[in-house]
Amino acid sequence: MYKSTLIFLGPVMQKLLCVDDEQFILSALHRLFKSQYDVRVALSGAEALRMLADQPVDVVISDQRMPGMTGVELFKQIRELAPATMRILLTGYADLPATIEAVNSGEVFRYVTKPWSNDSLRMTVALAMRAALRTAPMLGPQAAPGQEIRAAVPAALTDPEVQVLVLDRDPGLADLTRELLNGERGVHAAASLDQAADLLEAHPQIGVLLTEARVGSDDLVHVLASLRSVRPALCCIVASRLADAQLVIRLINQGQIYRYIGKPVNPDKLRSELSGALRRHVQLRGTPTLHDRHVGELVKPIQESIEHNHRSGSGLRALFARVASLFR
Amino acid sequence: MTRFENAQPRPARIWLPWLLALIILAVGGAGTFMAWRYFHQTEQQGLRTALAEHTSASQNRANAFLALTGDSVNALSGMLNAGLDPQSEVFRRYVQQVLRRQPELMAVGFVSLPATPPVVTPAVSDESAEVDQEHAQEPPPPPVTASPAEPALTLLLVNEQGPGTAMGDGARWRGIDLGELQPLKNALARSQLTSTVEYSGLVEGQWTQLTPVGEPGALRGHLLAFLAPQVLLQNAVVGQPQDGLRRQLVDPTGSSGGPRLLYEEAHGQPLGGDAAQLSTQTDISALGQRWTLQLAALQPFVQARSTALPQYALIGGGVLTAILAVFVFMISARSARVQQLVNRRTAELSEAYQRLRDSEMMAMQSEKMSSLGQMVAGVAHEINTPLGFISSNVQLLRELLGRLRPLMDNQYKLLSAVPHWTRLAPEQKQLWFKAALQQGSALKSVREEGLSDDLESLTGESLSGLERLTDLVLTLKNFSRLDRAMIDEVDLNTCIEDTLKISHNVIKQKADVVKDLQPLPKIRCNPSQINQVLLNLITNAAHAIDRFGTLEILSRVEAQEIRISVRDNGRGMDPGVLSRIFEPFFTTKGQGEGTGLGLAISQKIVEEHGGQLEVQSEPGVGSRFTIRLPLNR
């Protein structure tokens, strides 16, 4: 492999695994990170899994399009084998199905497109490394294959009081949600950002947000990013008819959404994702350290956003104002 | 199929059947009418001819009877001329025979003359205007008038039958001074001179004929005959009871001045209406007078001579015309309907053909776009990967250079002090050593980091990446032939390589590529189309493989053909799918995943190049598509 100079900076250097079928990409990544981390490389998903079986790593960076196993397939397996590992997808082509799979099955921390900015990638990897370091203990050492993240959550933490907020102009989604949850828990419906803000303020038990990707002409990425900073335990599921890969990437990177499902919604799928989201929320609420795993890419400062969106409706501004007030 | 583009519908002409039927009816009607009229007229002609025959027959009979009468009288006068004494019994018997035979002779008599011939005096002669002058003075001697002894009717035998009875008693006649009857007198006088029958006319309302007896100049008398011509004529014109005719004998100068109906007989009912015109009128001259005979056809006459032919003609013609009209109507109506239907169908077909052409174009366009889209997806990744590491490397380069610059600056500072070493103060030298040690350790760590190796490798890799990008852009240009001629002499192996490069990203995830390309001669073709076909076959092969497999590409020259085959060990196709695989819009992919046109278009392209696209497949084993192109075109 590559000669790497190990510089002891205190505790043992964290490990980074890079997976890509393109040799020169691996070479570039290695060159970039060798001074900070213990960089391993693999040319295929299979090779990566073999290496992980020998020794776990903190962060995995993988390409999507590889012969044999795709990046998302690899991540799916890593989720099961080593749930503490932070997963970053680095890909040359963003096609929508792969992107959606990346968030839903792969639960990626970031979705990075080639070509990338070295500084951004360093920041991303640094955040991922920090999260991995801080959360490895509570997600357990490398669990046995098949054990999912759910097992780490003590049963006592499932809380029937957690409520769901549905934000969509079309009331059908809220109705469906109520139907699916069978009255087990409260479901609030909002048709605008104003209403949503009011409900959030009024009901701190809201733990899951089911929302459209756009409400009116505002796209919710900034809103979700802001909400995350205020309510980091809030788990977001986006249900949308829109087929925009770029939007989904921003929802992943900045919004840190939990799941993305397409409309028309498949009720069974929605039910399973809702229960997953509820569990995730409880987990996040119970263990604040886990929030590090869902730190979003930095959005432009709120003030700038307000100026940028000054032509959009009052809803966003009011929400931001409220969010800002909550912050204080 | 281009017929449909310019299909001009022939006009249906709905009005034609009606027109033809009307024409047939008109013509048939006219023909029937004419046939009827012909027969009718022929019949009428026949009737008239028959009528004329009857008329002339009557006329002939009348003439015959007249002649007979004349002959009888001449016979009698001949007897008298022969010396028979009119007073003799023999003569009387002859006369009575004649009278019996000829009812029109009312009476026969003899007018005798005195023995002495009358003296013709000048006074009688008008011509002797010369008067002897000598004798003018003396009173002329009294003219010795030819006052013979008055003729006397010495014999009169009356016909006891028929109108002879009108004669009444002959005594009346005996007493008549025949000399008093001027016409008779004149006639007598003339006949004495000429011995011809001079007189025939009415005397006392009776027709009279005087026939001289004797030689001219030696007349003995006149045979006197009283005739009733109407009797003669009546007998002449009498008809048969069955002949169905009405006969009228008219005396145009009757006693009252107007036409007098003398005789009428009718056998049958008169005809009605305009058939009453079927009659003839003819003149019969007898005894110096004209009589009019009118013959009119009555029902029996007409019925006996009429056939049903005109009616048959009428009915037959009418029926035939009607049948013909209906027949022609039906045929032309059907033909018009058919034409209408054809026109409608043609219009529908034209429309459908146009829609089909449009949708075919749209589908081909969308297939092109979708295959283009597929290509772009793969190509985008192919481009972004080299860009990724090149970009990262250059960013790193800048950082590393940023680190090197201060080192180089320091190096310069340190070394630039060396020429002035001797002039340095010891504490300066001390500082210099310290700086030099620091520089040394900085350089050491740079060395230990392997910075120069890094610089070497990152520039080398970046340049290699740039080469790759250049090649990719060139391949794209080659593949699409954007800046080259559409038709060219091309080595197809180049097409294969180009297409493999373009689709590298799509294939690498699904299959290992095995190439077995033998040298190929250049052939004349449209390389961008061939590339399209190859791309289609390669992507199909990749899709057919479920997890990971092998894609084999062969190129050969065999039997005056270039053969390129693309083989995969994917799912394969069962015979049902295999038989339809080149069908337009047929696809085994889900909705929205494929247009189903790729292979149809590929086949069309290969066929346009004069070649063939063949397929072999076995389910579970794989498929092989072979392009065969002839060497000489």
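Five salt bridges turn up across the interface of chain A and chain B in this predicted model. One of them pairs Arg31(A) with Glu461(B), where the closest N and O atoms sit 2.9 Å apart. Polar contacts add to the picture, with 17 residue pairs across the interface of chain A and chain B, both partners at pLDDT 80 or more. On the chain A side, helix H1 (23-33) and helix H5 (118-135) each bring at least two residues to the surface that touches chain B. H1(A) gives the largest share, 6 residues. Sorted by character, the chain A residues on this side come out as 9 nonpolar, 9 polar and 10 charged.

As for extent, the contact draws 28 residues from chain A and 28 residues from chain B. Between them the two chains bury about 2,300 Å², and 49% of that lies on carbon and sulfur atoms. Three residues stand out here: Phe24(A), Arg31(A) and Arg65(A) account for 30% of the area that chain A buries against chain B, more than any other three residues. Arg31(A) thus appears twice, once in this trio and once as the salt-bridge partner of Glu461(B).

Turning to chain B itself, helix H11 (residues 492-502) is mostly covered, with 8 of its 11 residues buried. The buried set in H11(B) includes Leu492(B), Ile496(B), Leu500(B) and Ile502(B), along with Cys495(B). Asn493(B), Asp498(B) and Thr499(B) are buried in H11(B) too. At the start of the helix, Asp491(B) places a side-chain oxygen within 3.1 Å of the backbone nitrogen of Asn493(B), itself one of the buried residues of H11(B).

Notes: Residues are numbered from 1 along each chain as its sequence is written. Chains are lettered from A and ligands numbered from 1 in the order in which they are written. This is a predicted model: local features need pLDDT of at least 70, side-chain atom pairs count only at pLDDT 80 or more; totals for chains, interfaces and linings use all residues. Side-chain values use heavy atoms; hydrogens and water are left out. Contact means heavy atoms within 4.5 Å. Buried area is the accessible area (1.4 Å probe) that two parts lose on being put together, summed over both. A salt bridge is a side-chain nitrogen of Lys or Arg within 4 Å of a carboxyl oxygen of Asp or Glu. A polar contact is a pair of N or O atoms within 3.5 Å; within protein, one must be able to donate a hydrogen and the other to accept it, and residues adjacent in sequence count only if both atoms are side-chain atoms. Helices (H or I, at least four residues) and strands (E, at least two) are DSSP runs, numbered from the N terminus. Ala, Val, Leu, Ile, Met, Phe, Trp, Tyr, Cys and Pro count as nonpolar, Asp, Glu, Lys and Arg as charged, and the others, Gly among them, as polar. Buried means under 20% relative accessible area, exposed over 50%, partly exposed in between (1.4 Å probe, protein chains only).
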